[in-house]
Amino acid sequence: MKSLVFENITAFKQMKGRELPVSSWMLVTQKMINDFANATLDKQWVHIDEERAKKESPFKSTIAHGFMSVALISKLLNDSIKINSVTMALNYGLNHVRFMNPVPVNSQINLACTVKDIEDYKNGIKVTFLCTVAIKGKEKPACVAEFLALFFE
């Protein structure tokens, strides 16, 4: 996947209402899930106990945390666009999130985004992205989210 590169925020503003390139596929490993569990202290067995998950989980394997899908949006989005003049980008929040399908270990996910809105914000912009985190081979996505980010020059 080739990312879109913009010289500055003014050039990026043309993307309002448009779709961004779909990100490359990312493999979700057990190590990533375990690291997320350790960072968040959310150590439910369905995420980290591989043997128990094989026997007792309806998914027959461990699954990623729903919030891990959301947390990966920043990384996947960063792979889709680059604004050369931006010196700092910050997550601003979420207006809407739904976890629609679990992400089994060793699944691949990617991100499709539309730029819903761009507003001036102090020395930069506030961007609202409509995001869908897809799971390779699955009809229903892992999650959909309205994700907000700030970009400063």
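These legends walk through a few close-up views of a predicted model.

Residues are numbered from 1 along each chain as its sequence is written. In this predicted model, local features need pLDDT of at least 70, side-chain atom pairs count only at pLDDT 80 or more, and totals for chains, interfaces and linings use all residues, while side-chain values use heavy atoms, with hydrogens and water left out.

**View 1. The two sides of helix α2 (residues 30-40).** Helices here are DSSP runs of H or I with at least four residues, strands are runs of E with at least two, and both are numbered from the N terminus. Look for Gln30, Ile33, Phe36 and Ala37, which are buried (under 20% relative accessible area; exposed is over 50%, partly exposed in between, with a 1.4 Å probe and protein chains only). Seen down the axis of α2, the buried residues fall within an arc of 125 degrees, so they line one face of the helix (the arc is that of the directions from the helix axis to the C-beta atoms). On the face turned away from that buried side sit the exposed Lys31 and Ala39.

**View 2. What α2 packs against.** Its buried residues pack against α3 (45-48), α4 (50-56) and α5 (66-71), with contact meaning heavy atoms within 4.5 Å. After α2 comes Leu41, with a positive phi near 60 degrees.

**View 3. Aromatic pairs.** The whole structure holds seven of them (rings of Phe, Tyr and Trp, the last by its six-membered ring, with centres within 6.5 Å; planes under 30 degrees apart are stacked, over 60 edge-to-face, the rest tilted). Phe67 and Phe99 make an edge-to-face pair, 5.3 Å centre to centre with 80 degrees between the planes. This pair links distant parts of the chain, 32 residues apart: Phe67 is in helix α5 and Phe99 in strand β4 (residues 88-99).
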